[in-house]
Amino acid sequence: MNMAYYAVLFDRAFDEVSVALGMGPDYAKARRLTTYSAEVHICYVRELHLGDRVTVSWQLLDHDEKRLRSFQEIRHVDGWLAATCECLTLHVDMSGPKVAPFPPDVMEKVERLAAAHAGLPAPERAGRAIAIRRRA
C-alpha cells in the first residue's frame, strides 16, 4: 500500500476522535474554528496490502489549551503492527488563521479524554526522532 494511504487511515481515525471532542464536520462552518496538523511522524513497520482489514487506535499523550499531542497505531486484524503516527495538532481560529484556545465545551471533553488516557502505558515508539545512527 502506498505511503499516502497510511496517512489517510490515521487522518480518518482522528476524524472520529474530533467528533467525540465536539469538533466534527460542522465545527469549522458553525464556529470558524478547526484543527491543523503541525507535525506528523509516521513509522512504517510492516507493509499492508490493498484489502487488508485493519484497526486504528488513537491515544492522547499530552495537551494544553491550544494543542494535542497524540499517538496512533494501525494494526492488521491479525494483531501485528503495521504503522505508527505521532502528531502535534493545533486548534486554529480560521479568521486569522491563528492558533487559538479550545472553547470551554471542547476543552472539557479533551480533559475527560486526558484523564481516561492517563493510565495507559506510554507507547514505546512515541517521541522517536529521525536520525541515521552511526556505529562508533
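In this predicted model, Ser18 touches Met23 and Gly24, residues up to four places away in sequence being left out of the count. Ser18 is found in helix α1, and it counts as buried because its relative accessibility is 7%, under the 20% limit. Ser18 and Val106 are 88 residues apart in sequence, yet their C-alpha atoms are 9.7 Å apart in space.

Met23 leads from Ser18 to a wider set of neighbours. Leaving aside residues within four places in sequence, Met23 is in contact with Ser18, Thr35, His91, Phe102 and Val106. Met23 also belongs to the largest nonpolar core, which has 14 residues. Leu21, Met23, Leu60, Leu68, Phe102, Val106 and Val110 are the members with the most contacts inside this core. The elements that give two or more residues to it are α1 (3-20), β2 (54-63) and α3 (104-117). Of these, α3 gives the most, with four residues. Apart from this core lies another, of eight residues, among them Leu48, Trp80, Ala82 and Ala83. In soluble globular proteins, nonpolar side chains tend to be buried together.

Nonpolar side chains also appear at the surface. Met1, Tyr5 and Val8 make a nonpolar surface patch of about 270 Å². Val8 is found in helix α1, the helix that also holds Ser18. Val8 counts as partly exposed because its relative accessibility is 39%, whereas Ser18 counts as buried at 7%.

The charged side chains add another set of links, with a count of five salt bridges. One of them joins the side chains of Arg31 and Asp105, at 2.8 Å from N to O. Arg31 lies in helix α2 (residues 27-31) and Asp105 in helix α3, so this pair ties together parts that are 74 residues apart in sequence. Both partners are partly exposed: Arg31 has a relative accessible area of 36%, and Asp105 has one of 32%.

Helix α3 also contains a salt bridge of its own, between the side chains of Glu108 and Arg112 (3.2 Å, N to O). These two residues are four apart in the helix, so about one helical turn separates them. Glu108 counts as partly exposed at 48% relative accessibility, while Arg112, at 51%, counts as exposed because the limit for that class is over 50%.

A further salt bridge is formed by Arg67 with Asp64, whose closest N and O atoms are 2.4 Å apart. Arg67 is partly exposed, with a relative accessible area of 39%.

Terms used: Residues numbered from 1 in each chain as written. Predicted model: local features only at pLDDT ≥ 70, side-chain atom pairs only at ≥ 80, totals over all residues. Heavy atoms only, no water. Core = buried A, V, L, I, M, F, W, Y, C linked by side-chain atoms within 4.5 Å. Buried < 20%, exposed > 50% of the residue type's maximum accessible area, 1.4 Å probe, protein only. Contact = heavy atoms within 4.5 Å. Patch = residues over 30% accessible without salt bridge, like charges linked within 9 Å, V, L, I, M, F, W, Y side chains within 5 Å. Areas by Shrake-Rupley, 256 points an atom, 1.4 Å probe, with all protein chains shown as cover. Salt bridge = Lys/Arg side-chain N within 4 Å of Asp/Glu carboxyl O.
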